[in-house]
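Work through the exercises below with the sequence and the model open. Each task is followed by a solution in steps.

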Amino acid sequence: MIITEQQFFDYIHCPALFEMTYIKKIPMEESTSLPKLLEKVAKYFYLHLLNGRIASASELKKKWDSICQANEDKIDNKKVMEGIGLIFKLLNWADREQPVVLDIDTRYNIHVGNVELVGNMGTILAAPNKKYELLITSFSSRLPDQMMIDMKMKYTLEAYAFSKVYNKPVDGIRVYSVKHAKDFYTYRTDDDFKRLETAIKNVGESIEKGLYYPREGIMCSSCPAKGYCRYWSC
C-alpha cells in the first residue's frame with residue numbers, strides 16, 4: 001500500500017474526511033490560512049538561499065502579491081499587510097543569522113510493514129560544528145508549545161525521513177517563530193520513531209480494512225468536508 005504524507009495526516013485528522021476525499025473522491029476546497037500562504041513565500045526564499053543568494057525585499061513582496069492575487073477571495077487587506085510584515089521579519093532573520101540551506105523539498109519513501117509512505121522533507125540547514133538541522137518556519141501568531149513540539153508527529157516524520165534518505169540521524173529540529181523572533185529546539189529518539197512506525201502501520205491497516213468514521217472535535221468548524229459530513233456513511 002502506497003500512501004502520501006498528506007493522506008496519512010488526513011486519516012489521523014479524521015477517517016471520514018479521508019474516505020470522502022480519497023475513496024469517494026468528493027471535491028474538497030483546499031483550506032487556506034495566512035500561515036499556509038506565507039509558507040509558499042518561505043519556500044521561495046529558501047530555494048534562493050539554496051542557490052547561494054538572498055532574495056531581495058522587492059522580490060519577496062512581488063511573490064507575496066502574486067499569491068494574494070491568486071487567493072484574493074480568501075484573504076483580506078489586513079492579512080495582506082500582516083503577511084508583508086512577517087515576510088520582512090523573515091528577511092531580517094536571514095540577514096542576521098546567515099542560514100546555510102543544504103537542501104529543500106527532498107523526496108522520501110518510508111517502508112513500514114506493507115505500507116510505503118511517500119512525501120517531501122522541508123528545509124535542511126547546516127548548523128555549527130558540521131551538524132544538520134531541520135528548519136521549521138512558523139508563521140503562527142501563537143508561540144509554539146514546547147511539549148507539542150517535542151511530540152509533533154510531523155516533525156518526527158521529517159527526522160525519520162532524514163535518517164532514511166541520508167543514512168544518518170539529524171542533529172536537531174529548529175522551530176523558528178517568525179512573529180515572535182524566537183527559536184525552539186527539539187530532537188527525536190528511537191522511541192519517537194517507534195511511535196511513528198506504529199502509527200504508520202496502524203493507519204495502513206485501518207485503510208486496508210476500510211475503517212472509517214467521523215472524528216468530531218474543535219477542528220470540525222474549519223474542515224473542508226463539513227458540508228458533507230452530516231450525510232456521511234460508508
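## Exercise 1: A salt bridge within a helix

Lys 61 and Asp 65 are about one helical turn apart, because four residues separate them in helix H4 (residues 57–70). The model is a predicted one.

Task: State how the side chains of Lys 61 and Asp 65 meet, and classify Lys 61 as buried, partly exposed or exposed.

Solution.
1. The two side chains, Lys 61 and Asp 65, form a salt bridge with an N to O distance of 3.0 Å.
2. Buried means under 20% relative accessible area and exposed means over 50%, with partly exposed in between.
3. Lys 61 has 36% relative accessibility, so it counts as partly exposed.
4. Asp 65, at 25% relative accessibility, also counts as partly exposed.

## Exercise 2: A salt bridge between distant parts of the chain

Task: Find which parts of the chain the pair Arg 174 and Glu 97 ties together, and list the residues of the network that includes this pair.

Solution.
1. Between Arg 174 and Glu 97 there is a salt bridge, whose closest N and O atoms are 3.3 Å apart.
2. Arg 174 belongs to strand E7 and Glu 97 to helix H5 (residues 77–97), so the bridge ties together parts 77 residues apart in sequence.
3. Arg 174 is buried, with a relative accessible area of 7%, whereas Glu 97 is partly exposed at 36%.
4. Through shared partners, salt bridges join Glu 97, Glu 133, Arg 174 and Asp 183 into one network.
5. The whole structure holds 10 salt bridges.

## Exercise 3: Helix H2 and its cover

Task: List the buried residues of helix H2 (residues 15–23), and say what covers them.

Solution.
1. The buried residues of H2 are Pro 15, Ala 16, Leu 17, Phe 18, Glu 19 and Met 20.
2. Their cover includes H1, helix H8 (190–208) and helix H9 (226–229).
3. Glu 19 has 5% relative accessibility and therefore counts as buried.
4. Glu 19 forms a salt bridge with Lys 24, with 3.8 Å between the closest N and O atoms. Lys 24 counts as partly exposed at 40% relative accessibility.
5. After H2 comes Lys 25, which has a positive phi near 55°.
6. On the side of helix H1, Gln 7 lies in that helix and counts as buried at 17% relative accessibility.
7. Beyond its neighbours within four places in sequence, Gln 7 contacts Ile 2, Phe 18 and Tyr 22.

## Exercise 4: The three-stranded sheet

Task: Give the strand order of the open sheet of three strands, then identify the edge strands.

Solution.
1. The order is E1-E4-E3, and the pairing is mixed.
2. Strand E1 (2–4) and strand E3 (107–112) are the edges, each pairing on one side only.
3. From one strand to the next, the twist averages 25°.
4. E3 and strand E4 (residues 115–120) run antiparallel and are joined by six bridges. His 111 has Glu 116 in E4 as its bridge partner.
5. Helix H1 (residues 5–13) lies across E1, E3 and E4, at about 80° to E1.
6. H7 lies across E3 and E4, at about 95° to E3.

## Exercise 5: The five-stranded sheet

Task: Explain why one side of strand E2 (101–104) and of strand E8 (182–186) is left without a neighbour in the sheet.

Solution.
1. Five strands form an open sheet with mixed pairing, ordered E2-E5-E6-E7-E8.
2. E2 and E8 stand at the edges with a single partner strand each, so one side of each has no neighbour in the sheet.
3. The twist here averages 30° from one strand to the next.
4. Strand E5 (residues 123–127) pairs with strand E6 (residues 131–138) in the antiparallel sense over five bridges. Ala 127 is opposite Lys 131 in E6.
5. Helix H3 (residues 34–50) lies across E2, E5 and E6, at about 130° to E2.
6. H7 lies across E2, E5, E6 and strand E7 (172–177), running at about 145° to E6.

## Exercise 6: Two methionines

Task: Decide whether Met 153 is buried or exposed, and do the classification for Met 148 too.

Solution.
1. Met 153 is in helix H7 (residues 153–166) and is buried, with a relative accessible area of 16%.
2. Leaving out neighbours within four places in sequence, its contacts are Phe 8, Phe 9, Ile 12, Arg 195, Leu 196 and Ala 199.
3. Met 153 and Phe 9 are 144 residues apart along the chain, with 9.2 Å between their C-alpha atoms.
4. Met 148 is in helix H6 (residues 146–151) and counts as partly exposed at 48% relative accessibility.
5. Together with Met 147 and Met 151, Met 148 makes a nonpolar surface patch of about 310 Å².

Conventions:
Residues are numbered from 1 along each chain as its sequence is written. This is a predicted model: local features need pLDDT of at least 70, side-chain atom pairs count only at pLDDT 80 or more; totals for chains, interfaces and linings use all residues. Side-chain values use heavy atoms; hydrogens and water are left out. Patches are made of residues with over 30% relative accessible area and no salt bridge: like charges are joined within 9 Å, nonpolar side chains (Val, Leu, Ile, Met, Phe, Trp, Tyr) within 5 Å. Accessible areas come from the Shrake-Rupley method with a 1.4 Å probe; for residues, only the protein chains shown count as cover. A salt bridge is a side-chain nitrogen of Lys or Arg within 4 Å of a carboxyl oxygen of Asp or Glu. Helices (H or I, at least four residues) and strands (E, at least two) are DSSP runs, numbered from the N terminus. Buried means under 20% relative accessible area, exposed over 50%, partly exposed in between (1.4 Å probe, protein chains only). Contact means heavy atoms within 4.5 Å. Two strands pair if DSSP finds at least two bridges between them. Axes are lines fitted to C-alpha atoms, for helices over the stretch in contact, and angles run from 0 to 180 degrees between N-to-C directions.
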